[in-house]
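Subject: Structure for you to look at, with notes on helix packing and internal spaces

Dear colleague,

I am handing over the structure we talked about, and I would be glad if you could open it beside this message. My notes come after it, so that you can check each point as you read.

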Amino acid sequence: RGALFCSDAFDFCVERVAVMSARDVATLMYETGRHGLRARHYGDAALNRACELLQEMSRDEVMRAWQGSLRVCRDRAEWYLKALPRIRNELDQLTTPQLLLALRAAKEVRQRDQ
């Protein structure tokens, strides 16, 4: 897969997360998830901003951030619970891969609460 991990790029983004657009924060969340545990703390740093900008994100941006947080979704249940009403209202517009992401996160968050 050849993904390069550049901590300087993530550091740069996290330092400026407060002024990032909704699309940029969604992409940052996705990229931190794509790089796994070594980038988890960068995603944690962007989580509050992602929650703030949730209503400004398009459905695809919400799902991109959703996908990036999936690996650690039990720890980021706050994000999923805030995004849930938005996604629930748009279930009929989700693609099949997006529906599978939604189901997987719902299962993980539900198991966390049990």
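What follows covers the packing of the helices and then the internal spaces.

Please keep in mind throughout that this is a predicted model.

**Helix packing**

Two packed helices are described by the angle between their axes and the distance between the axes, and I have used that description for three pairs below.

I begin with helix α2, which spans residues 22-34, and helix α4, which spans residues 59-69; the two pack with their axes 7 Å apart and at an angle of about 25°. Because angles under 35 degrees count as roughly parallel, α2 and α4 are therefore described as roughly parallel to each other, and their crossing is left-handed. On the α2 side the contact is made by Ala22, Arg23, Ala26, Thr27, Met29, Tyr30 and Gly33, while α4 brings Glu61, Arg64, Ala65, Gln67, Gly68 and Ser69. Sorted by class, this contact of α2 with α4 holds 5 nonpolar, 5 polar and 3 charged residues.

Helix α2 also packs against helix α3 (residues 40-52), where the axes come within 9 Å and cross at roughly 150°. That angle makes α2 roughly antiparallel to α3, and α2 passes α3 in a left-handed crossing. Here Val25, Leu28, Met29 and Thr32 of α2 meet Tyr42, Gly43, Ala46, Leu47, Arg49 and Ala50 of α3, and the residues of this contact divide into 7 nonpolar, 2 polar and 1 charged. If you follow Met29 on the screen, you will find it listed in the contact of α2 with α4 and again in the contact of α2 with α3.

The third pair is α4 and α5, whose axes come within 11 Å and cross at roughly 150°, which makes α4 roughly antiparallel to α5. Their crossing, too, is left-handed. From α4 the contact takes in Arg59, Val62, Met63, Ala65, Trp66 and Ser69, and from α5 it takes in Trp79, Tyr80, Ala83, Leu84, Arg86 and Ile87; by class, these residues are 9 nonpolar, 1 polar and 2 charged.

**Internal spaces**

The structure holds 1 cavity of 30 Å³ or more, and the volume of the largest cavity is about 60 Å³. Its lining is formed by Thr32, Gly33, Gly36, Leu37, Arg40, Gly68, Arg71, Val72 and Arg76, and by class this lining has 2 nonpolar, 4 polar and 3 charged residues. Among these lining residues, Gly33 and Gly68 also belong to the contact of α2 with α4, while Thr32 takes part in the contact of α2 with α3.

The second largest pocket encloses about 190 Å³ of space and is lined by 13 residues, with Trp66, Leu84, Ala102, Ala105 and Ala106 lying nearest its centre. The elements that give two or more residues to this lining are α5 (77-89) and α6 (96-113), and α6 gives the most, with 6 residues. By class, the lining of this pocket has 11 nonpolar, no polar and 2 charged residues. Trp66 and Leu84, which are named above for this pocket, are also part of the contact of α4 with α5.

With best wishes

How values were computed:
Residues are numbered from 1 along each chain as its sequence is written. This is a predicted model: local features need pLDDT of at least 70, side-chain atom pairs count only at pLDDT 80 or more; totals for chains, interfaces and linings use all residues. Side-chain values use heavy atoms; hydrogens and water are left out. On a 1 Å grid over the protein atoms alone, a cavity is a set of points where a 1.4 Å probe fits but cannot get out, and a pocket is an open set with protein on both sides within 12 Å along at least five of seven lines; lining residues have an atom within 4 Å of a point. Grid points are joined across faces, edges and corners, and a volume is the space filled by probe spheres set on the points. Helices (H or I, at least four residues) and strands (E, at least two) are DSSP runs, numbered from the N terminus. Ala, Val, Leu, Ile, Met, Phe, Trp, Tyr, Cys and Pro count as nonpolar, Asp, Glu, Lys and Arg as charged, and the others, Gly among them, as polar. Axes are lines fitted to C-alpha atoms, for helices over the stretch in contact, and angles run from 0 to 180 degrees between N-to-C directions. Angles under 35 degrees count as roughly parallel, over 145 as roughly antiparallel, 65 to 115 as roughly perpendicular and the rest as oblique. A crossing is left-handed if the near helix is turned anticlockwise from the far one by less than a right angle, and right-handed if clockwise. Contact means heavy atoms within 4.5 Å.
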